[in-house]
Amino acid sequence: MTPTRAPSPAAALLDLLLPRTCGGCGAGPPGSGGWCPACAQDTAGPVPVRVPGAGRVAAAGRYRGPLRRAVLAYKERGRRDLAPDLAGLLVGPVSAVLAPRADGTPDPAAVRLVPAPSRPSAARLRGGDHVLRLCRALAPLLTAAGLPARTDAALALHRRARDSVGLDGAGRAANLASALHPARGREPVPAARGEAVLLVDDVVTSGATLRACGAVLAASGLPAVGAVVLADASARRRRPDGRL
Ligand SMILES: O=P(O)(O)OC[C@H]1O[C@H](OP(=O)(O)OP(=O)(O)O)[C@H](O)[C@@H]1O
């Protein structure tokens with residue numbers, strides 16, 4: 001996806017001052033949780049997503065309708081104010097991924113949220129890393145709900161990582177394999193006893209991103225139990241230009 005340039009400081013200030021509108025349809029003002037009642041109905045998750053090799057994966061909903069519009073508005077159209085509302089949609093998927101297992105694995109006592117990283121150039125154009133911002137909004141919600149959570153930007157993409165637009169699943173996997181690495185400048189902090197590591201991303205399509213991130217985390221001694229994403233686009237076909 002190609003982001004539009006981040007709004008100027010004046011425009012960002014205006015965003016803060018103007019009444020907020022519904023994340024799904026843009027009509028305002030929104031109801032509780034940042035959504036109008038109709039869109040809230042349509043964004044109710046969680047939905048399990050099958051991503052072989054990525055552990056348990058759950059999404060807040062399918063990549064369509066109000067949720068798709070909200071993700072695009074948040075990611076590409078400068079609606080950074082939607083971070084708390086979108087983070088709120090991830091609380092259910094986190095519970096689903098961490099739900100008790102039949103094999104007797106103990107329930108996690110805490111969770112570490114690892115954002116799937118953006119290309120540095122894309123993050124600059126978007127006015128910051130949108131998935132990292134999402135994690136930072138989600139962590140306090142989980143903590144308030146009784147599951148201590150923190151964000152760990154443990155992964156990064158090389159500056160020269162190419163835009164994956166136009167690549168199929170295999171091409172995306174190859175692009176990521178050469179570009180994804182543990183964040184520089186610090187040793188990975190091992191998971192504390194009882195701490196579950198969870199990947200977070202905005203959208204899952206082929207699953208290449210979640211698998212690649214999971215592989216780098218595991219190689220750093222931080223295996224993830226699974227992932228949560230805002231929207232499941234795995235049933236959609238990318239257009240010939242690679243866009244959804
Ligand atoms: O399941 P997958 O096939 O890996 O697709 C999902 C990934 O695709 C998008 O990122 P993209 O690589 O297009 O970068 P972007 O941040 O520029 O959108 C999206 O943000 C996910 O990270």
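How far is an oxygen atom of the ligand from an N or O atom in the side chain of Arg172? In this structure, which is a predicted model, that separation is 2.6 Å, and I would like to begin at the ligand and then work outwards into the rest of the protein chain.

Arg172 is one of 16 residues that surround the ligand, and it is listed among the closest, together with Asp201, Asp202, Ser206 and Thr209. Two further contacts belong in this part of the picture: Arg126 places a polar side-chain atom 3.2 Å from an oxygen atom of the ligand, while Thr205 uses its backbone, with an N or O atom lying 2.8 Å from a ligand oxygen. As for how much of the ligand is covered, it would expose 500 Å² if taken alone, and the protein buries 90% of that.

Where in the fold does this shell come from? The elements that give it two or more residues are β7, which spans 195–204, and α9, which spans 208–219, and of these it is β7 that gives the most, with four residues. In terms of chemistry, the shell around the ligand divides into seven charged residues, five polar and four nonpolar.

Let me turn now to the interior of the protein. In soluble globular proteins, nonpolar side chains tend to be buried together. Here the largest nonpolar core has 41 residues, and those with the most contacts inside it are Leu86 and Leu113. Several elements give two or more residues to this core, including β2 (56–62), α3 (65–76), β3 (110–115) and β8 (226–232), and β7 is on that list as well; the element that gives the most, however, is α7, with seven residues.

If you would like one residue to look at on the screen, I suggest Leu113, which, leaving aside residues up to four places away in sequence, touches Cys135, Leu138, Ala139 and Leu142, as well as Arg150, Thr151, Asp152, Leu198 and Val200. Apart from this core lies another one, of 27 residues, and among its members are Val57, Leu157, Ala161 and Val204.

Finally, the chain as a whole. The protein chain has nine helices and eight strands, and buried residues make up 47% of its 244 residues. Among contacts with a separation of 6 or more, 75% are accounted for by residues 24 or more positions apart. The accessible surface comes to about 11800 Å², of which 57% belongs to carbon and sulfur atoms.

How values were computed. Residues are numbered from 1 along each chain as its sequence is written. This is a predicted model: local features need pLDDT of at least 70, side-chain atom pairs count only at pLDDT 80 or more; totals for chains, interfaces and linings use all residues. Side-chain values use heavy atoms; hydrogens and water are left out. Buried means under 20% relative accessible area, exposed over 50%, partly exposed in between (1.4 Å probe, protein chains only). Contact means heavy atoms within 4.5 Å. Accessible areas come from the Shrake-Rupley method with a 1.4 Å probe; for residues, only the protein chains shown count as cover. A residue is near a molecule or strand if one of its heavy atoms lies within 4 Å of it. A polar contact is a pair of N or O atoms within 3.5 Å; within protein, one must be able to donate a hydrogen and the other to accept it, and residues adjacent in sequence count only if both atoms are side-chain atoms. Ala, Val, Leu, Ile, Met, Phe, Trp, Tyr, Cys and Pro count as nonpolar, Asp, Glu, Lys and Arg as charged, and the others, Gly among them, as polar. A nonpolar core is a set of buried Ala, Val, Leu, Ile, Met, Phe, Trp, Tyr and Cys residues joined through side-chain atoms within 4.5 Å.
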